[in-house]
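This briefing covers one sheet and some of its surroundings. The sequence and structure come first, then the points by topic.

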Amino acid sequence: MVFPIMLDVPAGHLDDPVILINFLLSLLIPGAVNVLAFFLFRRNFVRASLIVSQVLFVLAYLFGLDVLFFLALAAMIIILTYSLIVNSSVGAQAFSNNMKGKGFNVFRRESKKQGEALFDREEVYRKVDQAVRYMSKQKMGAIITFERKMSLSEVMKSGTAVNAPITFELLVTIFYPGTRLHDGAVVIRNDKIASAAVFFTPTTRPLSGKYGSRHRAAIGISEVSDAVTVVVSEETGRISIAYQGELTPISPDQFYDTFLEYMSMVTEEPEPSEETSK
């Protein structure tokens, strides 16, 4: 990442066309990076940090503040690099345990595997919406994780294999208090409940507010995969969605549309894992 550096040019010389053009060009790359970050990353902290660092970058350029200029430049590079590693699907895939024994190439999009499962996504999502809204109303604690491009086979080993079609009745039954599969998460792969009673490693970073084990587990799996996880609070019935390390509360009336938005991010057609084609 290279920026035109002309800190020896006073701000009053911006009326010179050449200096003005160079100044505008110096804003083009960080501006483009900022727009890209808004599309890729949902963390408000990342977005706000990039904006602040870019404002400082511009002010330092205008007033010839060398130290502030380089500090702002370094901040932008650090924030962007950290975000790419922690938040993006490619970065998470490279650093997660699911990469063990697999090839990795960020410049090559792997071709879709043969035998990809085809199913009515709208019908599946409607069933999920019906079950989540019901459990929210009844204050039934639940955590449902939707596998996407990254395989969750390793983490599913801690649970119980189900491999059954998604239905309202089955989801509600699994999370009914007292059942053997009540604790832990349900993992959904395509149009099937692949596993239940799955335990995720909870996030270790400090969180503002009161969060239970389900919410911490949901954030934990979202930090190391591109999965979308829906959480229903057992205490309040509140619905939340965990994605890329961020937990967002959703009202029951807005859940379906918001859930569709999350599921359409990055890829709309997730590649099935090896188990799906068997």
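Which residue takes a positive phi in the hairpin of E3 and E4? Asn190 does, near 60°, in a hairpin with two residues between the strands. The model is predicted: local features need pLDDT of at least 70, side-chain atom pairs count only at pLDDT 80 or more, and totals for chains, interfaces and linings use all residues. Residues are numbered from 1 along each chain as its sequence is written, and side-chain values use heavy atoms, with hydrogens and water left out.

**Sheet**
- Seven strands (DSSP runs of E, at least two residues, numbered from the N terminus) make an open, mixed sheet in the order E2-E4-E3-E1-E5-E6-E7.
- Strands E2 (160-165) and E7 (246-250) are at the edges with a single partner strand each, so one side of each has no neighbour in the sheet.
- From one strand to the next, the twist averages 25° (axes are lines fitted to C-alpha atoms, and angles run from 0 to 180 degrees between N-to-C directions).

**Strand E4 and its partners**
- E2 and E4 (residues 192-198) run antiparallel, joined by four bridges; strands pair if DSSP finds at least two bridges between them.
- Ala164 has Ile193 of E4 as its bridge partner, and Pro165 stands opposite Lys192.
- E3 (residues 185-189) is also antiparallel to E4, with four bridges, and Ile188 stands opposite Ile193.
- Six of the seven residues of E4 are buried (under 20% relative accessible area, 1.4 Å probe, protein chains only).

Technical notes: Buried means under 20% relative accessible area, exposed over 50%, partly exposed in between (1.4 Å probe, protein chains only).
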